[in-house]
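Hi,

Here is the model I promised to pass on. Have a look, and then read my notes below.

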Amino acid sequence: VTEIETETETGTDHMVLVVDDDDDIRETLCELLRDEGHTVVGSEDGARALEYLRGHPPPCLIILDLMMPVMDGWELFRRLQEDPKLSAVPVVVVTAAGEQRARSIPARQVIPKPLHLDRVLEAVEQNC
Amino acid sequence: MNEWASAAADGAPIERPGVIDELLEEAPVAAQAIAEDGTTLWANRAARELGASGASLAELFDDPGEAAELLGRLRRGEAVRDLPARLCGADGAVRRVRISARAQRRESGPFPALVYLLDVTERERLADELARQRRRLDAVLRAMPSAVAIVEAPSGRTLLANEQNQRILRMELSPRWGVSDYGRLTGFHADGRRVAPEEWPVARSIATGEVVRGEVVRMLRGDGSEGFICINSAPVRDERGRIVAGVVTFDDVSEQRRAQENLEESEKRLQAILESSSSVIYLKDLEGRHLLVNRQYETVSGLPRARIVGKTDAEIGSEEVASAFRSTDLRVIESGAPIQIEHVFLQQGAARTFLTVKFPLRDGAGRVYAVGGMSTDITDRKRAEDAARDGERQLRLITDALPVLVGLVGADGRYRFVNRAYQDWFGRTRDDIIGKTLADVLGDEAARVVEPHVAAVLAGREVTFEADMHYGNGARRTVSATYVPQRDASGAVGAFVALVSDVTEQRRAEDRARFLAEASTILSSSLEHETTLKTLAALAVPRLADWCGVEIVRPDGSSEQLAVAHVDPAKVELAIELRRRYPQPAHAPAGLPSVLRTGRSEIYSDVSDELVAQGARDPEHLGILRDIGIRSVIIVPMRARGHVVGAITLVSAESGRRFGAADLALAEELAARAALAIDNAALYREAQEAISKRDDFLSVASHELRTPLTTLRLQVDGVLRAAARKRLDGDPAAGAAIEAKVEAHLARIGKLGAQVNRMGALVDQLLDVSRISAGRLALDPSDVDLAELVPEIVGRFGDEAEQAGASLHVVTGGPVRGRWDRNRIDQVVTNLVSNAVKYGARRPVTVRVESEGGLARVTVQDQGVGISPEDQARIFERFERTEAARNFSGLGLGLWISKQIVDAHGGRISVSSTPEAGTIFAIELPTAVVENQLS
């Protein structure tokens, strides 16, 4: 059963991909971003996110959690870097794992959890 | 007469004129006429008395031969005169006669011949007697030592003289010399005038009858030598008193004279000595009267000599002193032996000490006839001796208190002084050391060791050396010695002071400390204790023992030989083999199993063969053990926190070394350190595991705590955001009442958001503390412009400041750039601004950003209540909160974390505050941070 939610109201180039295994966080984030008028796709782990990315046009931003089952954020990031189509997509890491570990990824930005909506929206505004 | 005459008449035809006959008959000379045959023809009375009548000559003579000779001569017509002959008298007595005879010169022949016999028996007897006496006199004179001469008066010619005359005078003398010839003798009067001939004593005796006794005349003797003669002379008078001769005797007194002169000379010298002596000298007779005193006696007694001599002590001094003197005099007289006395008496008010020697004087027969005495004032000498004794006593007192061996040794290598420590160390009395040589006291081997140092100090150099000494008493010690030369007044080194410390224990302790230090280094070099223990065992041989074994206890309680060391690898194999073949049972009452079981050390200082035999399992085992030649064994447990974690075994064998208490202590210390190392390694492993677990937990916990907070936060933000949008959109349908209700809910949700923020901050702080404590705070430096960052941070406080009623001002100049961890610096500034707003008493807060000489500075100034100096001192400590902060919530971690972050950047955070006037917090950061981690 795919958890990918696809809503294409404003086109993929304004689409934000939220990858987080925690349902509450992922759903809240998606809902709030949609409230702000963004197109959002949520994915519960890296493997599914990759699968989605490979079958769709690239999003304007990926909001990526790190600690996830099946395929974690680090692995997904590595795969994105290897993929010429996806390597340019901006990634904002949201993590509760501590900044130390988050910094092992040269992401555009790291926003520590608990997330302030303002900072997330700010990142989205900048990239989409 | 008639009978003789008639017989003659009968036999002789001669004529006998009457008067002639009578004359012949009475003549005192024996006369007879004899016939040719020798028969007596006639004899006078004297002849008849000689037995001549009626007999022939042959019968008359004692020797018939003499008669025959006389007759023969008469027959030949010879005259005989004074022919000595001996007649045989009628009474049988022999008479000595002189015979004169003459034959007749007639025709008829020579007969009858006339023979006259003169009886000389008496005369010759007297002559013999005289000759004998003369011989005796000669013998006496010859035997006399003195020269004796008898001279004729008045000529002075010598009648009799013995040989001594010429011997003494050493010249030929002539008996014919008269007085005038006496000038040939060269003699001098005492005044040097020459003795004239008539002045010689014998000349005076014969001239004037003077008797001269003992006149000494200096003479120039015949051989030219000078001498003295002592002359006696007297006249010899006849019965009428006329001087007929003089007798002179004289002796050579040159020797006596010289002896006398010598005696006088020596007496003079003696006198001079006596007079100039500083000692009081006197002689007393048996009654105590002074016979002689010297000048010093006068000086000391204050009396002139004249008042002393002849007096007793009682007559010239106090009775008390006199009685004391007398009693010692009597002791000398009675014992006949000298005595020595020391006494003190007052002289001009000052006490003086005199040393007196009294001695007996004996006459030729050995009887004591006097007492002599010499008293010397020894006050000064005694004082000097006392001072020297005091000096030595003080020196002794001081040096005896020293733990150092102190000795004074003369240039002759003999001891002059030693202190108590010296005596005690050698176990000898002072008297047994003083005067002895170094070799006597130290022993030959040690004496050889110090020899070059002694030579150096005697050459004038101070020397310090340390040496291992093998002393005569068998002790082997390490000593540290300093020799200091002692110079006499002339600058020559006459002795040296030896200061010696026994540093054996010190050196051993140093060796042990060094060994332990090395052991500790090895033990701390790695946490792999199995490797380090093997290195340790290797370190122990041969310094500590010939063998070293390390046994460790496994977690299951069994034990294992971890290491065994010996300088010879073959022996290591042997030890491993022994252990394999003869494992010791765990319940063994002694040895390694016992030490591991009980945790108590064991020491076998002297391992007897009996002990070895007890430990052996079989004859082969015993043989191997005996070959190893175990001498001494120490087994010490390694204990850590109450548990025996192993044991160290030290064995002495071929070195012959005997373990003692010090070795045991060292082994125990070594074991303790080894145990600590083992324990540390275990603890470290445990700690590592614990840290790893904690990190995992923290990681999970932070994730898990933040996840629900994230949702909460997002929902709150979402609601507020939606509400705000609705407000902006404006809902005309909504009534005022509903609007008011919505506003009330929004306010609650706002509070919910604030609580979520607080909770998030608390979680962050706790995680930071954990990280910092574990040394895991890592910085992620990037290019940061504080002039940009700080206003952004302050901007976030808009709502909060407004709520707190405080105004926030940011003052910046140009860009203040550096490489810092943006988020961490953000965290610090946020913390400071948050505090300022919180404690700023609703007054303005000013934040400044400046840079100055390679330093970036951010100051946050409030005008609040301020912080007391005590609080300022501890405000950066963990869990510390100021008095003011107690009114606010918080963990008291914010400033501590800020300080750790600033420190990690190589910067500084400080506070200055004036109570009731406000506080300034400042952080200074180097504009290029060193990339490091908090430790």
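What follows covers the interface first and the cavity after that.

This is a predicted model, with local features needing pLDDT of at least 70, side-chain atom pairs counted only at pLDDT 80 or more, and totals for chains, interfaces and linings using all residues. Residues are numbered from 1 along each chain as its sequence is written, chains are lettered from A in the order in which they are written, and side-chain values use heavy atoms, without hydrogens and water.

On the interface: 24 residues of chain A are in contact with 23 of chain B (heavy atoms within 4.5 Å). The two chains bury about 2,200 Å² between them, 53% of it on carbon and sulfur atoms (accessible area lost on being put together, 1.4 Å probe, summed over both). The rule finds 1 salt bridge across it (Lys or Arg side-chain nitrogen within 4 Å of an Asp or Glu carboxyl oxygen). That is Arg721(B) with Glu36(A), whose closest N and O atoms are 2.3 Å apart. Helix 1 of chain A gives the most to the side touching chain B, with 6 residues (helices are DSSP H or I runs of at least four residues, numbered from the N terminus).

As for the cavity, there is 1 of 30 Å³ or more, and about 120 Å³ of space lies in the largest (1 Å grid over the protein atoms alone, points where a 1.4 Å probe fits but cannot get out; lining residues have an atom within 4 Å of a point; volume is the space filled by probe spheres set on the points). Its lining has 18 nonpolar, no polar and no charged residues (nonpolar being Ala, Val, Leu, Ile, Met, Phe, Trp, Tyr, Cys and Pro; charged Asp, Glu, Lys and Arg; polar the others). Tyr422(B), Leu442(B), Tyr471(B), Tyr483(B) and Val500(B) lie nearest the centre.

Cheers

Definitions and conventions
On a 1 Å grid over the protein atoms alone, a cavity is a set of points where a 1.4 Å probe fits but cannot get out, and a pocket is an open set with protein on both sides within 12 Å along at least five of seven lines; lining residues have an atom within 4 Å of a point. Helices (H or I, at least four residues) and strands (E, at least two) are DSSP runs, numbered from the N terminus.
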